[in-house]
Amino acid sequence: MKIWVDADACPVVIKEILFKAALRTQVQTTLVANHAMRIPPSRFVDFLQVSSGFDVADNEIVKRLKPGDLVVTADIPLAAEVIEAQGQALNPRGQLYTTENIRARLNMRDFMESLRSSGVQTGGPAAISQADRQAFANQLDRILAKYLKSKSNEA
């Protein structure tokens, strides 16, 4: 398993949790963004800079994704593509996207988009709270523990 991070909009506190987890578990983690980004010096954390443009980072993640990989993103269409490619998708607030919930999330996203395009002010997402950070860290730990257990069973 590899962790891919849709890093352009990923909150710094979530990246820090990911960096610590990569070091602790030795799971390769790659941040993908269209602008330069600082990462800690580690053989388990790397950065892939892509050109600017609509969905360029998303498309690069999908292209490199292998079944079982984890993608950290708040982008619901990207999460849907990840699930379709047999990957796992985790929201920075700790919500796991699944085959059971992705369709409803896409529908809600499209509904909100239609409201915004018709002039309704919907506001943006709330700032990442301490509870969100904890939920993300807990869900990430569960995913990594399951992966590490399956990896040790293979050995």
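Which residue follows α1, and what is the sign of its phi? In this predicted model, the residue after α1 is glutamine 26, and its phi is positive, near 60°. That makes a handy starting point for a look at the helix itself. Helix α1 covers residues 12-25, and its 14 residues should span 20 Å at 1.5 Å a residue; the C-alpha atoms at its ends do sit 20 Å apart, so the two figures agree. Ile14, Lys15, Leu18, Phe19, Ala21, Ala22 and Thr25 are the buried residues of α1. Viewed down the helix axis, they fall within an arc of 170°, so they line one face of α1. Val12, Lys20 and Arg24, on the other side of α1, are exposed. As for what covers the buried residues of α1, the list includes β1, β2, β3, β4 and α5.

Now to the sheet that these strands belong to. It is an open sheet of 6 strands with mixed pairing, and its order reads β3-β2-β1-β4-β5-β6. β3 and β6 (96-97) are the edge strands, each pairing on one side only. At the β6 end, strand β5 (residues 88-90) pairs with β6 in the antiparallel sense, over 2 bridges. Leucine 90 has leucine 96 of β6 as its bridge partner. Helix α5 (residues 130-154) packs on the sheet too, touching β1, β4, β5 and β6, and its direction makes about 160° with that of β5.

Glutamine 139 is found in α5. With a relative accessible area of 15%, glutamine 139 falls under the 20% cut-off, so it counts as buried. Setting aside neighbours within four places in sequence, glutamine 139 is in contact with Leu90, Gly94 and Leu96. Two of those names have come up already: leucine 90 and leucine 96 are the bridge partners mentioned above.

Over at β3, phenylalanine 47 lies within the strand. Its relative accessibility is 24%, which means that phenylalanine 47 is classed as partly exposed. Leaving out residues up to four places away in sequence, phenylalanine 47 touches Leu31, Ala33, His35, Ala36, Met37 and Ile39. Isoleucine 76 is another matter: 29 residues separate it from phenylalanine 47 in sequence, and the C-alpha to C-alpha distance is 22 Å.

Helix α2 (residues 56-64) lies across β1, β2, β3 and β4, and runs at about 170° to β1. Its buried residues are Ala57, Asp58, Glu60 and Ile61. These cover an arc of only 165° around the axis, so they are on the same side of α2. They pack against β1 (3-6), β2 (29-33), β3 (45-49), β4 (70-72) and α3 (76-84).

What about the nonpolar interior? In soluble globular proteins, nonpolar side chains tend to be buried together. The largest nonpolar core here has 23 residues, and Ile3, Val5, Leu18, Leu31, Phe136 and Leu140 are those with the most contacts inside it. At least two residues of this core come from each of β1, α1, β2, β4 and α5. Isoleucine 3 touches Leu18, Val27, Gln28, Thr29, Thr30, Leu70, Val72, Leu140 and Leu144, again not counting residues up to four places away in sequence. There is also a second, separate core of 17 residues, which includes Ala57, Ile76, Ala80 and Tyr97. Ala57 is one of the buried residues of α2 listed earlier.

Key. Residues numbered from 1 in each chain as written. Predicted model: local features only at pLDDT ≥ 70, side-chain atom pairs only at ≥ 80, totals over all residues. Heavy atoms only, no water. Buried < 20%, exposed > 50% of the residue type's maximum accessible area, 1.4 Å probe, protein only. Helix = DSSP H or I, 4+ residues; strand = E, 2+ residues; numbered from the N terminus. Arc of directions from axis to C-beta. Contact = heavy atoms within 4.5 Å. Pairing = 2+ DSSP bridges. Axes fitted to C-alpha atoms, helices over the stretch in contact; angles between N-to-C directions. Expected span 1.5 Å × (residues − 1). Core = buried A, V, L, I, M, F, W, Y, C linked by side-chain atoms within 4.5 Å.
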